[in-house]
There are 2 protein chains.
Amino acid sequence: MNSILDSIIDHPGVTVETIEKVRDFITYKNVKKGELLQRKGDVNNDIYFVRKGLLRSYVIDAKGREHTIMFAQEGRLFSNIDTSAKKSPSTVYIDALEDTELEVFNKDISLQLPFLPSPILFYAINKVLLQLSSVQNKIILLMSANVSERYEYFKEAYPHLIQRLPQKVIASYLNITPQVLSKLRSHKKKAE
Amino acid sequence: MNSILDSIIDHPGVTVETIEKVRDFITYKNVKKGELLQRKGDVNNDIYFVRKGLLRSYVIDAKGREHTIMFAQEGRLFSNIDTSAKKSPSTVYIDALEDTELEVFNKDISLQLPFLPSPILFYAINKVLLQLSSVQNKIILLMSANVSERYEYFKEAYPHLIQRLPQKVIASYLNITPQVLSKLRSHKKKAE
């Protein structure tokens, strides 16, 4: 799917006029691999639809270590959750892990959202629920699994991402050091 | 707010007929303190609106320890996220921490949702984003804060909940033992 509009275009009751109205809100943005899209402390209402590429959110702790929170690949929505939900500044950084193409819904859409057609809002609910589900799974992983289980869980949950992610990002998502990850991988390989 | 309908009743463009149509989906349910609303493995599409009381989700690890994931107090929506997002069985338990009164939207609503009025869907998006924000904050807390910072953070994030929650639930949310929590509290008291 190359545009969020593809999600509603075939929906009964969605007219060409509606599609064009929604299209008016969309701008396009390209982000280079490694580029920051948002800093901690930013207040912005942009909502991103990933057409191509890969975004992630992360925090930096007092010791300067990165901790990866979540990913958004093609077809996912991503936003500054703190600002969207509570009008507060972002607690996280967002960067691009690959060259990424985005559709951007800008600030004004939050005023228009209640008047947007139901199918596109329903689509948005599903996408946000998917994020919530990933984040919930990450908490379960952090709280109750040992290091080897975390890695196995990650491989199962993100079979398509594991090849695309740098080792240090996987390690920062699992809350382990790259050295521990490397040991885990070579140990698993030997066992196969 | 005593009903999810209160969120749309004053919205321009929402007719009495619409309100009645949505009301047809709602049933009511009372849950006693300590009662389980959902077990791990359940597949159900119910969406709960908390009219009064307090729900929480949790997992049980291999050693039998409970880990609390999130809370839903008055005015919040709660659901089996795994089933809502991915049609898969629940990975968590949900129970009531107080006697709780719920509005329940049952299975059929997921088919009707795309046709529901935009304002109620917009309201739902905001509520799900709030959940996502809490869950993201919990990850940040688990990954990058020390035990004392976790407790301080929790007090700031949930000033209204901290008086209502049993100590062992707070400890299971912070991923510390009740003994460590007790030490933290008496240490903080002495410092005040």
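These are my notebook entries on a predicted model, covering the contact between its two chains and a few residues within them.

**Entry 1: the interface between the chains**

I began with the contact between the chains and found that 45 residues of chain B touch 45 residues of chain A. I then looked up the area buried between chain B and chain A, which comes to about 4000 Å², with carbon and sulfur atoms giving 75% of it. On the side of chain B, I noted that B:Leu132, B:Gln136 and B:Met143 lose the most area to chain A, and that together they account for 19% of what that side buries.

Next I asked which elements of chain B give two or more residues to this side, and I listed strand E5 (66–72), helix H2 (81–86), helix H4 (118–144) and helix H6 (167–174). Helix H4 of chain B gives the most, with 22 residues. When I sorted the residues of this side by kind, I obtained 26 nonpolar, 15 polar and four charged.

I also looked for specific pairs across the interface, and recorded zero salt bridges between chain B and chain A, whereas four residue pairs are in polar contact there, both members being at pLDDT 80 or more.

**Entry 2: how the copies are related**

I then laid chain B on chain A, which works with an RMSD of 0.0 Å after a turn of 180 degrees and a shift of 0.0 Å along the axis. The two copies are therefore related as by a two-fold rotation axis. I checked the interface residues of chain B against those of chain A and found that 100% of them are also interface residues in chain A, so the copies meet through the same surface.

**Entry 3: salt bridges**

Searching the whole structure, I found 14 salt bridges over all chains. As background, I wrote down that side chains of opposite charge can pair when their charged atoms come close.

I looked at one pair in both chains. In chain A, A:Arg65 forms a salt bridge with A:Asp61, with 2.9 Å between the closest N and O atoms; in chain B, the side chains of B:Asp61 and B:Arg65 meet in a salt bridge, also at 2.9 Å from N to O. I then asked how accessible the partners are: A:Arg65 is partly exposed at 45% relative accessibility, while A:Asp61 is buried, with a relative accessible area of 8%. For chain B I read 45% for B:Arg65, which is partly exposed, and 8% for B:Asp61, which is buried.

Another pair I followed is B:Asp95 with B:Arg56, whose side chains meet in a salt bridge of 2.9 Å, N to O. This pair links distant parts of the chain, since B:Asp95 is in strand E7 (residues 93–96) and B:Arg56 is in strand E4 (residues 55–60) of chain B, 39 residues apart. B:Asp95 has a relative accessible area of 8% and is buried, and B:Arg56, at 3% relative accessibility, counts as buried too.

**Entry 4: B:Phe49**

I located B:Phe49 in strand E3 (residues 47–52) of chain B, and at 0% relative accessibility I entered B:Phe49 as buried. I also took the separation between B:Phe49 and B:Asp95, which are 46 residues apart along the chain, and found 14 Å between their C-alpha atoms.

**Entry 5: A:Ser90**

Where does A:Ser90 lie? I placed A:Ser90 in the loop between helix H2 (81–86) and strand E7 (93–96) of chain A. Although in a loop, A:Ser90 is buried, with a relative accessible area of 3%. Its side chain is joined to that of A:Gln38 by a polar contact of 2.6 Å. Leaving aside neighbours within four places in sequence, I noted contacts of A:Ser90 with residues including A:Gln38, A:Arg39, A:Lys40, A:Asn80 and A:Asp82.

**Entry 6: residue Asn175 in both chains**

For the backbone check, I kept in mind that most residues other than glycine have a negative phi. A:Asn175 has a positive phi, near 60 degrees, and B:Asn175 likewise has a positive phi of about 60 degrees although it is not a glycine. I found A:Asn175 in the loop between helix H6 (167–174) and helix H7 (178–191) of chain A, and B:Asn175 in the loop between H6 and helix H7 (178–191) of chain B. Buried or partly exposed, I asked of A:Asn175; at 30% relative accessibility A:Asn175 counts as partly exposed, and B:Asn175 is partly exposed at 30% as well.

Key:
Residues numbered from 1 in each chain as written. Chains lettered and ligands numbered in written order. Predicted model: local features only at pLDDT ≥ 70, side-chain atom pairs only at ≥ 80, totals over all residues. Heavy atoms only, no water. Contact = heavy atoms within 4.5 Å. Buried area = accessible area lost by both parts, 1.4 Å probe. Salt bridge = Lys/Arg side-chain N within 4 Å of Asp/Glu carboxyl O. Polar contact = N/O pair within 3.5 Å; in protein donor to acceptor, adjacent residues only side chain to side chain. Helix = DSSP H or I, 4+ residues; strand = E, 2+ residues; numbered from the N terminus. Nonpolar A, V, L, I, M, F, W, Y, C, P; charged D, E, K, R; others polar. Least-squares fit on C-alpha atoms with pLDDT ≥ 70 in both. Buried < 20%, exposed > 50% of the residue type's maximum accessible area, 1.4 Å probe, protein only.
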